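Biologist: I should like to learn how to read contacts and ring arrangements in a structural model. May we take one feature at a time?

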Amino acid sequence: MDRSAIVAKTAKGEEEIQSRKYGLERNLRYVLILIDGKTSVQQLVDEKGAALPDVAGSLRTLAEQGFISIGGVSLGADDETCTVAAEQDIPTLKAALIAIAKEVLGADAGKIVSKLEAAPDSREGLQEAVNSCKKVVRLLIDEKKAEALMARCGTVLKGL
């Protein structure tokens with residue numbers, strides 16, 4: 001989990017706040033209430049960590065269940081794929097792509113992250129960068145990781 005990423009409620013999270021439809025456990029609901037769409041993971045952990053047990057774990061659970069997005073990325077509990085709302089801006093999408101690259105590639109992510117950071121701030125620029133990254137990963141790292149990277153990044157780019 002990228003600790004500098006901004007945390008925001010998804011539509012499902014907003015619905016839970018309004019109606020308690022999903023019956024979240026008390027500590028998870030409290031963490032969900034704290035999320036304002038402007039605060040990073042690190043800020044939440046630092047500011048609320050002393051008062052609440054395992055804030056980072058709560059954020060992870062909320063993201064996995066689809067109540068929040070972290071850095072514009074929401075992990076749905078049903079399909080375990082990344083989705084990004086269409087209204088997200090290009091820098092947020094770029095950050096999501098970088099987070100995916102780091103997660104999929106681990107220690108091998110350096111060159112790919114650099115390519116994504118240098119990508120033009122447009123739909124076409126991001127798509128071209130992702131395609132280029134796939135080729136590099138396929139050639140230098142691993143075919144399966146290239147396919148995983150492309151699948152996850154492709155889901156994010158659908159939001160554009």
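Modeller: Contact here means heavy atoms within 4.5 Å. Please bear in mind that this is a predicted model.

Biologist: With which residues is Lys134 in contact, leaving aside its neighbours within four places in sequence?

Modeller: Those residues are Ala146, Glu147 and Met150. Lys134 itself belongs to helix 7, which spans residues 123–140.

Biologist: Does Lys134 count as buried or exposed?

Modeller: Buried means under 20% relative accessible area. Lys134 has a relative accessibility of 19%, and therefore counts as buried.

Biologist: Let us turn to the rings. How many aromatic pairs does a search of the whole structure find?

Modeller: The search finds one aromatic pair. Tyr22 and Phe67 form this pair, with 5.5 Å from centre to centre and 80° between the planes. Planes over 60 degrees apart count as edge-to-face, and the pair of Tyr22 and Phe67 is of that kind.

Biologist: Which parts does the pair tie together?

Modeller: Tyr22 is in the loop between helix 1 (11–19) and helix 2 (26–34), whereas Phe67 is in the loop between helix 4 (55–64) and strand 2 (68–70), so the pair links parts that are 45 residues apart in sequence. Tyr22 is partly exposed, at 34% relative accessible area, while Phe67 is buried, at 2%.

Biologist: Which charged end sits over the ring of Phe67?

Modeller: For a lysine, the test requires NZ to be within 6 Å of the ring centre and within 35 degrees of the ring normal. The charged end of Lys12 sits over the ring of Phe67, 4.6 Å from its centre. Lys12 also lies over the face of Tyr22, at 4.9 Å from the ring centre.

Technical notes
Residues are numbered from 1 along each chain as its sequence is written. This is a predicted model: local features need pLDDT of at least 70, side-chain atom pairs count only at pLDDT 80 or more; totals for chains, interfaces and linings use all residues. Side-chain values use heavy atoms; hydrogens and water are left out. Helices (H or I, at least four residues) and strands (E, at least two) are DSSP runs, numbered from the N terminus. Buried means under 20% relative accessible area, exposed over 50%, partly exposed in between (1.4 Å probe, protein chains only). Rings of Phe, Tyr and Trp (its six-membered ring) pair if their centres lie within 6.5 Å; planes under 30 degrees apart count as stacked, over 60 as edge-to-face and the rest as tilted.
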